[in-house]
Amino acid sequence: NFSSLNPDANFSLDISGIISPEPYDFDYSADIRNLNLKALELTENEGNIATGLSGHATLLPNSNKIDADITFSKLKCKILPSTDVNTTDINASLHSTDSTLAINFNNRDLNIKLNSHSSLSAFSKRLLAAVDTLNNHIERQKTDIESLQKTLPNFNLDIAARRDNIITSYLTGNNLKYNYFDLKISNDSLFTLNGNILELSGNRFAIDTTKIVMKQHGRYLTMKANLDSRPGTMDEWAHVEINGFLAGSKFGLFMRQANINNEIGYRLGTMANIEDSKLNISFVPYNPVIGYKEWNINDGNIITYDFHHKHIDADLLMTSKESLVHLFTQHNDSVHGQEDLNLKIQDIKIADWIALNPYAPKIKGDLSADLKVRFNENEQIEGKGTASMSELYYGKQRVGTFDCGIDITTDRKGRIETTATMDIDRQRAMTAYGHISDSSAVVPFYADFELTRFPLKVINPFLPANTAKLSGVLNG
């Protein structure tokens with residue numbers, strides 16, 4: 001019998017049983033009135049747990065057999081800022097022999113079942129070995145799906161839940177809810193995963209059905225996810241399909257989005273692989289759809305980053321009827337280190353691109369830029385260029401036309417110095433001088449701003465309605 005009246009660890013614990021000879025047989029119960037997790041240095045944030053539990057266990061170590069169960073009559077757990085769980089009727093059991101393992105967890109309408117043709121000790125060892133294998137793959141930047149699958153223990157995991165359980169109690173505190181979900185994961189001769197969620201919603205979204213499927217095909221692991229919503233919920237994002245794969249050092253991801261009328265808003269994908277310490281990224285298909293508009297991407301487009309030499313090469317040209325994005329480098333034998341990384345942007349309709357976020361504010365305007373950045377032979381950054389945002393609107397209110405210039409250099413002491421200018425509606429409004437990275441300074445980032453007739457009216461569109469309206473200019 002153990003008991004504590006410490007206000008930060010107020011509990012009582014009772015254990016009785018037989019410890020010799022086999023089988024070891026135990027009964028246990030506990031009344032945990034309060035555990036202050038922060039006071040016990042278990043969490044950094046304020047948190048408390050209260051619960052009542054009881055159970056029974058029988059162990060036969062020489063036969064590798066375990067039979068155990070535990071029941072929680074109640075569980076209250078609150079950890080700031082968002083974890084708040086309050087539930088009852090939790091039951092769990094574990095049964096293990098030298099060749100089988102069965103774990104069950106039930107909480108009201110939540111049911112979890114794990115079965116394996118391994119003992120508990122063998123299952124645990126193989127699970128830890130799989131973690132080591134995965135860490136090794138990450139370190140080598142190359143995943144071997146077949147070896148990882150063979151390292152994992154054989155198992156079947158089934159989870160099904162409705163709306164009254166410990167998961168919904170937790171999600172409610174985070175303003176999320178669902179009607180039903182199930183998840184099935186299996187590792188036998190191949191690894192598979194199937195999941196479904198019905199009526200997933202939060203403060204700013206609602207998705208009727210979410211499906212995810214992962215399947216192993218030899219050295220490939222494929223993934224497919226579908227999100228579908230009925231009319232009146234997320235009409236612009238009514239149908240979303242995401243496909244992907246992982247094989248060795250190769251990775252692919254493709255997205256297709258359509259509105260409630262099945263008009264394609266986005267169809268875009270990327271391919272990536274790591275080879276000889278180089279990350280190579282390309283975009284597919286060569287005729288994507290972005291913001292309901294057709295684009296073209298140059299065949300053989302590629303962006304390469306050399307981890308060893310910290311070098312970037314690029315050849316990416318994206319064009320539509322109105323817009324252009326061109327990211328490229330041009331080799332020059334007389335240049336030591338990184339040659340110029342050039343970015344040219346012409347008349348990008350930002351409303352098309354931010355529409356990827358269905359909850360982004362209504363912003364429109366045309367973005368253009370001409371920027372050059374390079375690292376010299378001392379790996380010091382240098383760059384200059386211009387960027388403009390024409391006829392920027394926030395909501396229905398005009399903000400203005402912005403033209404910016406920037407010049408970046410690195411001095412002999414390694415300080416990155418910048419000069420930047422901003423014109424608003426063709427009038428100089430601000431000039432900034434400063435350093436971005438100065439290890440010798442108390443403040444690594446420092447800048448002087450000079451305002452020249454900075455128009456306060458550009459702030460008005462961002463103010464809450466019926467609060468204030470600014471006019472005039474700032475100088476100083």
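**Notebook: a strand-rich chain**

I began with Asn298, which is found in the loop between strand 19 (296-297) and strand 20. I took helices (H or I, at least four residues) and strands (E, at least two) as DSSP runs, numbered from the N terminus. I noted that this is a predicted model, where local features need pLDDT of at least 70, side-chain atom pairs count only at pLDDT 80 or more, and totals for chains, interfaces and linings use all residues. Residues are numbered from 1 along each chain as its sequence is written, and side-chain values use heavy atoms, with hydrogens and water left out.

**Entry 1: Asn298**

Is Asn298 buried or exposed? I found a relative accessibility of 17%, so Asn298 counts as buried. Buried means under 20% relative accessible area, exposed means over 50%, and partly exposed is in between (1.4 Å probe, protein chains only). Next I looked up its contacts, meaning heavy atoms within 4.5 Å. Leaving aside neighbours within four places in sequence, Asn298 touches Tyr286, Asp315, Leu316 and Leu317.

**Entry 2: around strand 20**

I moved on to the pairing of strand 20. Two strands pair if DSSP finds at least two bridges between them. Strand 20 (residues 302-306) pairs with strand 17 (residues 278-290) over four bridges, in the antiparallel sense. I picked out one bridge there: Ile281 has Ile303 in strand 20 as its partner.

Strand 20 is also joined to strand 21 (residues 311-319). These two run antiparallel, with five bridges. Thr304 stands opposite Asp313 in strand 21. The two strands form a hairpin with four residues between them.

**Entry 3: unusual backbone angles**

I kept the general picture in mind: most residues other than glycine have a negative phi, and most peptide bonds are trans.

Where does Lys310 sit? I found Lys310 in the loop between strand 20 and strand 21. Its phi is near 55 degrees, a positive value in a residue other than glycine.

Glu199 also has a positive phi, near 55 degrees. Glu199 is placed in strand 11 (residues 191-201). At 42% relative accessibility, Glu199 counts as partly exposed.

Then I looked at cis peptide bonds. One runs from Glu22 to Pro23, with omega near 0 degrees. Pro23 lies in the loop between strand 2 (9-18) and strand 3 (24-36). Another cis bond joins Val284 and Pro285, with omega about -10 degrees. Pro285 lies in strand 17. I had already met strand 17 as a partner of strand 20.

**Entry 4: strands 24, 25 and 26**

How many bridges join strand 24 to strand 25? I read 12 bridges between strand 24 (residues 363-375) and strand 25 (residues 381-394), which run antiparallel. Ser368 stands opposite Ser388 in strand 25.

Strand 25 is joined in turn to strand 26 (residues 397-410) by 10 bridges, again antiparallel. Here Leu392 stands opposite Gly400 in strand 26. Strands 25 and 26 form a hairpin with two residues between the strands. In that hairpin, Gly395 takes a positive phi near 70 degrees.

**Entry 5: Val213**

I placed Val213 in strand 12 (residues 206-217). Val213 is partly exposed, with a relative accessible area of 28%. Leaving aside neighbours within four places in sequence, I listed its contacts as Leu193, Asn194, Thr222, Met223 and Lys224. I also checked a long span: the C-alpha atoms of Val213 and Ala468 are separated by 51 Å, with the residues 255 apart along the chain.

**Entry 6: the whole chain**

Last, I stepped back. The chain has four helices and 31 strands. Its radius of gyration is 30 Å, well over the 23 Å that the globule rule gives for 476 residues, so the chain is more spread out than a compact globule. That radius is taken over C-alpha atoms, and the rule is 2.2 Å times the number of residues to the power 0.38. The C-alpha atoms fill a box of roughly 90 × 60 × 55 Å, taken along the principal axes.

Of the 476 residues, 33% count as buried. Among contacts between residues at least 6 apart in sequence, 37% join residues at least 24 apart.
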